[in-house]
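Let's take a walk through this fold, from the chain as a whole down to single residues and then out into the empty spaces. Keep the viewer open as you read.

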Amino acid sequence: MTHVAQVNSRWRSGNATAVPCVMLAAMTEQTESRKQRAARRAGEFPPAPEALPRPVLDSHTHLDITVSEYGVPPRARGESRGCEPRSREQNGDSSGRPADDPVAAAIEVAAGVGVDRLVQVGVGVDSSGWGADVAEKYGAVVATVALHPNEAPRLADLDEALRQIEALAGRDRVRGVGETGMDFFRTGDEGRAAQEESFRAHIAIAKRYGKALVIHDRDAHADVLRILDDEGAPDTVVLHCFSGDAEFAAECVRRGYLLSFAGTVTFGSAGALREAAALTPLDQILVETDAPYLTPMPHRGRPNASYLIPLTVRSLAGTTGADLEELCAAISATGDRVFGPW
């Protein structure tokens with residue numbers, strides 16, 4: 001018996017006025033079904049978007065968290081319109097079907113919509129080591145290594161953790177040091193000294209190894225710039241999930257930094273962020289997922305993965321006024337300049 005039938009049966013047993021009861025029951029079912037459907041979909045990957053006309057990269061993703069918490073995204077519709085998935089030899093996949101290997105499957109799904117390169121980002125010693133190993137196995141992936149700013153204050157031995165990060169930074173398939181930086185949203189005053197010490201150490205590692213510095217900056221714009229000025233910035237600086245306004249963007253652009261925009265740029269409330277994107281030269285723009293977080297509209301709140309990059313790229317094309325193919329080409333070239341060659 002359906003939910004509607006059950007409600008109607010109860011009402012009929014004590015009330016002869018059936019029509020209003022049917023209407024009420026139908027409304028109840030509809031409301032409950034929407035809630036149930038929303039709860040179910042919140043944990044499911046969205047459908048794949050239309051493929052991009054030219055390939056791009058995802059400049060910041062967390063494959064380890066994505067596949068462990070959510071599994072593998074759905075296969076892209078019209079996969080042939082995107083990039084050819086890399087061969088097993090290129091991906092280092094010796095297990096046969098990519099579905100047997102969630103990382104290989106995630107790479108294949110992303111390639112199906114034109115996202116053919118991924119930057120796997122470390123947030124601690126373990127995730128950084130995992131990322132470095134994955135980058136050596138899969139041709140589509142390069143890695144960055146670091147202690148996340150919110151991790152640094154929690155470590156019993158920060159110096160030892162930094163030594164391990166530095167050891168990983170020297171590996172060939174590790175192309176960046178990050179995500180490091182300052183986060184005043186999740187870490188209070190008591191943890192900021194450790195954050196700053198860690199950030200300064202990561203800047204030094206990036207400079208010693210000639211790697212891009214990937215910065216996490218949350219509510220800490222002025223302090224991030226202050227510390228970069230104190231230490232001297234590496235040649236390549238990427239502000240991951242750029243969150244500043246037009247004024248901060250202009251200062252970062254002036255310094256030659258790269259601004260990486262995530263799905264947040266598609267949010268209705270992100271007018272200031274779109275103003276920042278609009279003034280950023282195309283050759284200083286990167287695009288990222290920060291998967292499994294920050295899913296672009298219209299799927300905000302659901303799991304994110306690299307195959308959803310086309311939604312953010314199309315939004316940026318509208319914001320910047322750039323031709324979509326031109327924007328894709330610029331993002332791809334910048335990605336190769338910063339993290340390549342793959």
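Contact here means heavy atoms within 4.5 Å. Keep in mind that you're looking at a predicted model.

Start with the whole chain. The protein has 342 residues, and 52% of them count as buried. Its secondary structure comes to 13 helices and 8 strands. If you take contacts between residues at least 6 apart in sequence, 75% of them join residues at least 24 apart.

Now zoom in on Q120, which sits in strand β2, residues 115–121. Q120 counts as buried because its relative accessibility is 0%, and the cut-off for buried is under 20%. What does Q120 touch once its neighbours within four places in sequence are set aside? One run of partners is T61, H62, L63 and D64. Another is V141, V142, A143 and T144, and W130 and G131 complete the list.

Strand β1, residues 56–61, is the home of L57. L57 also has a relative accessible area of 0%, so it is buried. Jump from there to R117: the two residues are 60 apart along the chain, yet their C-alpha atoms are separated by 4.5 Å. R117 is also one of the residues that L57 touches, along with V115 and V119. Further along the sequence, L57 reaches L286, V287, I309, I331, S332, G335, F339 and W342; residues up to four places away are not counted here.

F339 leads us to the nonpolar interior. In soluble globular proteins, nonpolar side chains tend to be buried together. In this model the largest nonpolar core has 87 residues, and F199, F242, F261 and F339 are the ones with the most contacts inside it. Pick F199 and look around: beyond its neighbours within four places in sequence, F199 is in contact with T180, G181, M182, L213, I215, V224, I227 and L228.

One step along the chain from that phenylalanine you find R200, in helix α8, residues 192–209. Leaving aside neighbours within four places in sequence, R200 is in contact with R226, I227, D230 and E231. With E231 there is a polar contact of 2.6 Å between the side chains. As for D230, it is 30 residues from R200 in sequence, with 9.0 Å between their C-alpha atoms.

Next, the empty spaces. Rolling a probe the size of a water molecule over the atoms shows where empty space is left. The largest pocket holds about 740 Å³ of space. Its lining has 28 residues, and H216, R218, C241, D290 and L294 are the closest to its centre. Which elements give two or more residues to that lining? They are β4 (174–183) and β5 (212–218), with β5 making the largest share at 3 residues. By class, the pocket lining has 10 nonpolar, 9 polar and 9 charged residues.

Two of the residues closest to the pocket centre, C241 and L294, turn up again as contacts of T264. T264 lies in the loop between β7 (258–261) and α11 (271–279). With a relative accessible area of 15%, T264 is buried, since the cut-off is under 20%. T264 also touches A270 and L273, not counting residues up to four places away in sequence.

Finally, look for closed spaces. How many cavities of 30 Å³ or more are there? The count comes to 2. The largest cavity has a volume of about 80 Å³. Its lining is made of 14 residues, with L63, P73, A106, A305 and S306 nearest its centre. Helices α3 (63–70) and α5 (102–111) are the elements that give two or more residues to this lining. It divides into 10 nonpolar and 4 polar residues, with no charged ones. You have already met L63, as a contact of Q120.

The second largest cavity holds about 30 Å³. Its lining is D217, H221, L239, H240, C241, F242, S243, G244 and F248. By class that gives 4 nonpolar, 4 polar and 1 charged. C241 lines this cavity and is also among the residues closest to the centre of the largest pocket, while F242 is one of those with the most contacts inside the largest nonpolar core.

Methods
Residues numbered from 1 in each chain as written. Predicted model: local features only at pLDDT ≥ 70, side-chain atom pairs only at ≥ 80, totals over all residues. Heavy atoms only, no water. 1 Å grid on protein atoms, 1.4 Å probe; cavity = no way out; pocket = protein on both sides within 12 Å on 5 of 7 lines; lining within 4 Å. Points joined across faces, edges and corners; volume = space filled by probe spheres on them. Helix = DSSP H or I, 4+ residues; strand = E, 2+ residues; numbered from the N terminus. Nonpolar A, V, L, I, M, F, W, Y, C, P; charged D, E, K, R; others polar. Buried < 20%, exposed > 50% of the residue type's maximum accessible area, 1.4 Å probe, protein only. Core = buried A, V, L, I, M, F, W, Y, C linked by side-chain atoms within 4.5 Å. Polar contact = N/O pair within 3.5 Å; in protein donor to acceptor, adjacent residues only side chain to side chain.
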